[in-house]
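Reader: I have a structure to go through with you. Can we keep it quick?
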Amino acid sequence: ETAETLTPEPVAAPIDKKWLAITSPMVGTFYRAPAPDEPSFVEKNDRVRVGQTVCIIEAMKLMNEIEAEVAGQIVEIAVANGEPVEFGQTLMWVNPE
């Protein structure tokens, strides 16, 4: 198999029990950046504050900014850019401060 045919395993549970999930509030498409030629809202190991935009979920042609509900450090981004997501799906894991 080539690297292109391998799909990442879904992240089912946090590696550390204190990690908190940022989950999708809707069905849509996950985007890490506001536009294709712009930098991602957050990267792994970035610190986030409450209310900071961490990604966008596109649903029915509307771009919905998803905000962090907890301050902490992004320890895992569980979805690839442009992937479809389900309601309640974990998008990122945060190590709360």
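Reader: Which element gives the largest share of the lining of the second largest pocket?
Author: β1 does, with four residues. Strands here are DSSP runs of E, at least two residues, and helices are runs of H or I, at least four, numbered from the N terminus. A pocket is an open set of points on a 1 Å grid over the protein atoms alone, where a 1.4 Å probe fits, with protein on both sides within 12 Å along at least five of seven lines. Lining residues have an atom within 4 Å of a point.

Reader: Before we go on, what kind of model is this?
Author: This is a predicted model: local features need pLDDT of at least 70, side-chain atom pairs count only at pLDDT 80 or more, and totals for chains, interfaces and linings use all residues. Residues are numbered from 1 along each chain as its sequence is written, and side-chain values use heavy atoms, with hydrogens and water left out.

Reader: What pLDDT does the protein chain average?
Author: The average is 89, and 86% of the residues score at least 70. pLDDT is the predictor's confidence in each residue, from 0 to 100. Over residues 1-9 the pLDDT is below 50.

Reader: Back to the pocket. Which elements give two or more residues to the lining of the second largest pocket?
Author: β1 (20-23) and β5 (62-67). The lining includes Leu 20, Ile 22, Ile 66 and Glu 67.

Reader: How does that lining split by class?
Author: Seven nonpolar, one polar and two charged. Ala, Val, Leu, Ile, Met, Phe, Trp, Tyr, Cys and Pro count as nonpolar, Asp, Glu, Lys and Arg as charged, and the others, Gly among them, as polar.

Reader: New topic. Is Thr 53 buried or exposed?
Author: Thr 53 counts as buried because its relative accessibility is 16%. Buried means under 20% relative accessible area, exposed over 50%, partly exposed in between (1.4 Å probe, protein chains only). Thr 53 lies in β4 (residues 53-59).

Reader: What does Thr 53 touch?
Author: Leaving out residues up to four places away in sequence, Phe 41, Val 42, Glu 65, Ile 66 and Glu 67. Contact means heavy atoms within 4.5 Å. The side chains of Thr 53 and Glu 65 also share a polar contact of 3.2 Å. That term means a pair of N or O atoms within 3.5 Å; within protein, one must be able to donate a hydrogen and the other to accept it, and residues adjacent in sequence count only if both atoms are side-chain atoms.

Reader: And Glu 58, buried or exposed?
Author: Buried, because Glu 58 has 17% relative accessibility. Glu 58 is also in β4. A polar contact of 3.4 Å links its side chain to that of Tyr 31.
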